Amino acid sequence: MPITFVPVPDISVYVHVPFCRSRCSYCDFYFEVGAGSSLIARALDRILDEAAWFAERLEGPRIRTIYVGGGTPSLIPAPELGRFLEALRHALGLSASVHEWTIEANPESVSDEFLAAAAAAGVDRLSLGIQTFQNELLRRLGRRANADAIGTALEAIATGWQGRLTVDLMTGIPGQTRQALDDDLARLRNARPGHVSLYSLTVEQGTPLSLAIDRGRVAPLPQDEQDRLWVDARDRLLSSGYRWYEVSNFALPGEESVHNPVYWRSEPYVGLGPGAVGTVPVRTVPVHGSAVNAGRVVPARLTNPDLAAYLAGSASETTREVEYLDDRTLLFEHFMLGLRTAQGVTMDRLAAVFGLDACAVEWLLRRCGALGERVDREALEMGRIALDDEGRVRVNGILVALAEVLDDLELSGPARWPAGDGWH
Ligand code: SF4
């Protein structure tokens, strides 16, 4: 389908590097295992073509943030990685004022050379996938790094990395005990990263871990124990000075992510690379059976194909899947992402974009008891719909209840994306 892009003044970029050395047992992201260096090089070249193509179509927007994730970007050898990041900078027309440039790394592939190549290109934030320091649990998760490798990576970062650091930590791993989690948090305290993403393990259908559980080879922790471990870890982070600014994200003051809130506030971003997803403003064309009127500017979700199809096409070819987001989908996504944050959803934004006034919000809070009971009253008085601490722990259940109520909500007209937020 031809896409008519609408130029934007600024935008964020996500780059998906879909290669891993092996498969973690719980992972359901899109990635390929066993790719050789020439295949990786071809994919990186294609990503650069795609970056230049988007920069031209969107008329050279200022790039606010970049996030290079995967997969495992750190498995690219340092010289090639350095060349790729420099070329990406050039293709995107990156100015010095990019707010944040993050790259993901796994501990076993962090080296002095990797850190130097990333820093030289302008990357200023490192996201390290630790999950746990316990060897037995790391094996159960299928992670390649053991505790020694994680320690070595943290040492290299402490001595050779000037930028910011965020780490992923996991709770609810089968076999995890309170003592093991205490040990993880103590080791984390020594490393003192500015930012921590704390996830409770989700067992996704079709992953090796879910099959092992189904066959009785691995016993999952009871749900209440999983919840307890996560809440324990949250409380320990809070008492160590971290702020809980999103359901799974904690930061020391001033260390909050700049890139992730772009998703949470439903702002535009480009997705580059095989399997990448982005949301950009487009002018609609007639689509049979679509609820979206032709000629309007709407957010469109663009999804890239897998590696084989991605390499077979060219940047300009429309092999991407295009989905125009209708107003109801947008509204639900706005709540789904916004309610996960401490900031919540602002009444101003609901009024400006969706035409929802204070009466409609009141109706919503009355009709959706799960939301009404857990809404933070102080925030509400200040014009924000945000959940209290208990509500944020139970956000998924609240969203299920909210989805049913939103179906009955009268929208006064099509969504109007206000000027100045990147959609015009
Ligand atoms: S390294 Fe990351 S992307 Fe790769 S399999 Fe493990 S969790 Fe998934």
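Two residues are taken to be in contact if their C-beta atoms, placed from the backbone, lie within 7 Å. With that cut-off in hand, the surroundings of helix H8 can be read from this predicted model. What covers the buried residues of H8 includes the strands E8 (164–171), E9 (195–200), E10 (243–246) and E11 (249–251), together with helix H6 (178–191).

The buried set of H8 itself consists of Leu229, Trp230, Ala233, Arg234 and Leu237. Viewed down the helix axis, these buried residues fall within an arc of 130°, so they line one face of H8. A general point helps to picture this pattern: an α-helix has 3.6 residues a turn, so residues three or four places apart point the same way. The face of H8 turned away from the buried side carries Asp224, Asp235 and Ser239, which are exposed. The length of H8 is also as expected, because 17 residues (223–239) at 1.5 Å a residue should span 24 Å, and the end C-alpha atoms are indeed 24 Å apart. Just after H8 comes Gly241, with a positive phi of about 100°.

Helix H6, one of the elements covering H8, can be described along the same lines. Its 14 residues should span 20 Å at 1.5 Å a residue, and this agrees with the 20 Å between its end C-alpha atoms. Leu181, Asp184 and Leu188 are the buried residues of H6. Down the axis of H6, they fall within an arc of 55°, so they too line one face of their helix. The buried residues of H6 pack against E8, E9 and H8, while Gln179, Ala186, Arg189 and Asn190 are exposed on the other side. Arg192 follows H6 and has a positive phi, near 45°.

At the level of the whole chain, the domain assignment gives domain 1 (4–260) and domain 2 (328–407). Their C-alpha centres lie 29 Å apart. The contact between them takes 5 residues from domain 1 and 6 residues from domain 2. Strand E10 supplies the largest share of the domain 1 side, with 3 residues; E10 is also among the elements that cover the buried residues of H8. By class, the domain 1 side has 4 nonpolar, no polar and 1 charged residues.

Finally, there is the ligand, which is surrounded by Cys20, Arg23, Cys24, Cys27, Phe29, Phe31, Gly70, Gly71, Thr72, Asn106 and Gly129. Sorted by class, this shell has 5 nonpolar, 5 polar and 1 charged residues.

Conventions
Residues are numbered from 1 along each chain as its sequence is written. This is a predicted model: local features need pLDDT of at least 70, side-chain atom pairs count only at pLDDT 80 or more; totals for chains, interfaces and linings use all residues. Helices (H or I, at least four residues) and strands (E, at least two) are DSSP runs, numbered from the N terminus. The expected span of a helix is 1.5 Å times one less than its number of residues. A residue is buried if 20 or more other C-beta atoms lie within 10 Å of its own, exposed if 12 or fewer, and partly exposed in between; C-beta atoms are placed from the backbone. The arc is that of the directions from the helix axis to the C-beta atoms. A residue is near a molecule or strand if its C-beta atom, placed from the backbone, lies within 6 Å of it. Ala, Val, Leu, Ile, Met, Phe, Trp, Tyr, Cys and Pro count as nonpolar, Asp, Glu, Lys and Arg as charged, and the others, Gly among them, as polar. Domain bounds come from an automatic or database domain assignment.
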